[in-house]
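Grab a pencil and work through these exercises on salt bridges and their surroundings. Each one has a task, then a solution in steps.

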Amino acid sequence: MNRREFGLTALSLALAGPALSQTAAPTLQVTKTPTCGCCGAWVNEMISASFKASVEDVDYDTLQVLKQKHGIAPELAGCHTTSVGGYFVEGHVPAADIGRLLSEKPVARGLTAPGMPMGSPGMGPQGDPYDVLLVLMDGSTQVFATHG
């Protein structure tokens with residue numbers, strides 16, 4: 001990890017901290033397949049950022065049903081699905097973005113980091129820029145945060 005990446009990571013955690021400390025640490029209800037190592041790495045990063053996590057390992061088909069239940073379109077999908085505070089968090093969304101979502105409470109379904117962006121939490125330090133999208137109630141999206 002270079003200085004810039006370290007600084008961005010530290011800033012993200014610092015920004016998440018105040019949002020998380022306003023209330024009891026929210027529990028992330030994470031649903032993933034048992035063979036996905038990057039999902040476990042993401043959970044560890046969320047715990048390091050003061051979230052609590054409850055993890056359920058399910059088969060691939062069960063995970064897809066959950067994504068459909070949340071209205072997560074295939075092009076918005078990541079490798080794991082999380083529920084927190086009445087929202088879904090799909091894929092490798094940074095802790096600061098989740099903290100901001102819970103603090104601002106927008107009228108929306110949730111957040112997604114579509115695919116598995118390299119450089120996102122759980123996907124290693126090196127990567128390309130990526131967007132975290134806010135999924136609105138009608139299923140449309142808007143950029144919530146840009147990283148990298």
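Buried means under 20% relative accessible area, exposed means over 50%, and partly exposed is in between (1.4 Å probe, protein chains only). You're looking at a predicted model, where local features need pLDDT of at least 70, side-chain atom pairs count only at pLDDT 80 or more, and totals for chains, interfaces and linings use all residues. Residues are numbered from 1 along each chain as its sequence is written, and side-chain values use heavy atoms, with hydrogens and water left out.

**Exercise 1. Get your bearings**

Task: work out how many helices and strands the protein has, and in what order the elements run.

Solution:
- Start with the ground rule: helices (H or I, at least four residues) and strands (E, at least two) are DSSP runs, numbered from the N terminus.
- By that rule there are four helices and seven strands.
- From the N terminus on, they go α-β-α-β-α-β-β-α-β-β-β.
- As for burial, 45% of the 148 residues are buried.
- Now the contacts, meaning heavy atoms within 4.5 Å: of those with a separation of 6 or more, 54% are between residues 24 or more positions apart.

**Exercise 2. The Lys 32 pair**

Task: find which residue forms a salt bridge with Lys 32, and say whether each partner is buried or partly exposed.

Solution:
- A salt bridge is a side-chain nitrogen of Lys or Arg within 4 Å of a carboxyl oxygen of Asp or Glu.
- Searching the whole structure turns up three of them.
- Lys 32 pairs with Asp 57, and their closest N and O atoms are 2.8 Å apart.
- Lys 32 sits in strand E1 and Asp 57 in strand E2 (residues 52-57), so the salt bridge ties together parts that are 25 residues apart in sequence.
- Lys 32 is at 8% relative accessibility, so it counts as buried; Asp 57, at 43%, is partly exposed.
- Beyond four places in sequence, the contacts of Lys 32 include Cys 39, Val 55, Leu 63 and His 80.
- One more distance to check: Lys 32 and Cys 79 are 47 residues apart in sequence, yet 7.1 Å apart in space, C-alpha to C-alpha.

**Exercise 3. The Lys 67 pair and what surrounds Glu 90**

Task: locate Lys 67 and Glu 90, decide whether they are buried or exposed, and list polar partners of Glu 90.

Solution:
- The side chains of Lys 67 and Glu 90 form a salt bridge at 2.4 Å, N to O.
- Lys 67 is in helix H3 (residues 60-69) and Glu 90 in strand E4 (residues 87-91), so this pair links distant parts of the chain, 23 residues apart.
- Lys 67 is buried, because its relative accessibility is 3%.
- Glu 90 is buried too, at 0%.
- For the next step you need polar contacts: pairs of N or O atoms within 3.5 Å where, within protein, one must be able to donate a hydrogen and the other to accept it, and residues adjacent in sequence count only if both atoms are side-chain atoms.
- The side chain of Glu 90 makes one with the side chain of Thr 81, at 2.6 Å.
- A polar atom of the Glu 90 side chain also lies 2.8 Å from the backbone nitrogen of Gly 78.

**Exercise 4. Follow the strands**

Task: trace which strands pair with strand E3 (residues 81-84), and in what sense.

Solution:
- Two strands pair if DSSP finds at least two bridges between them.
- E1 and E3 pair in the antiparallel sense over three bridges, with Val 30 partnered by Thr 82.
- E3 and E4 are antiparallel as well, over four bridges; here Val 84 is matched with Tyr 87.
- The E3-E4 hairpin has two residues between the strands, and Gly 85 there takes a positive phi near 55°.

**Exercise 5. A salt bridge within one helix**

Task: explain why Arg 100 and Glu 104 count as partly exposed, and say where they lie.

Solution:
- Their side chains meet in a salt bridge, 3.0 Å from N to O.
- Both lie in helix H4 (residues 95-104), four residues apart, about one turn of the helix.
- An α-helix has 3.6 residues a turn, so residues three or four places apart point the same way.
- Arg 100 is partly exposed because its relative accessible area is 33%; Glu 104 is partly exposed at 49%.
- Seven of the 10 residues of H4 are buried, so the helix is largely enclosed by the rest of the structure; among them are Ala 95, Ile 98 and Leu 101.
- Right after H4 comes Lys 105, with a positive phi near 50°.
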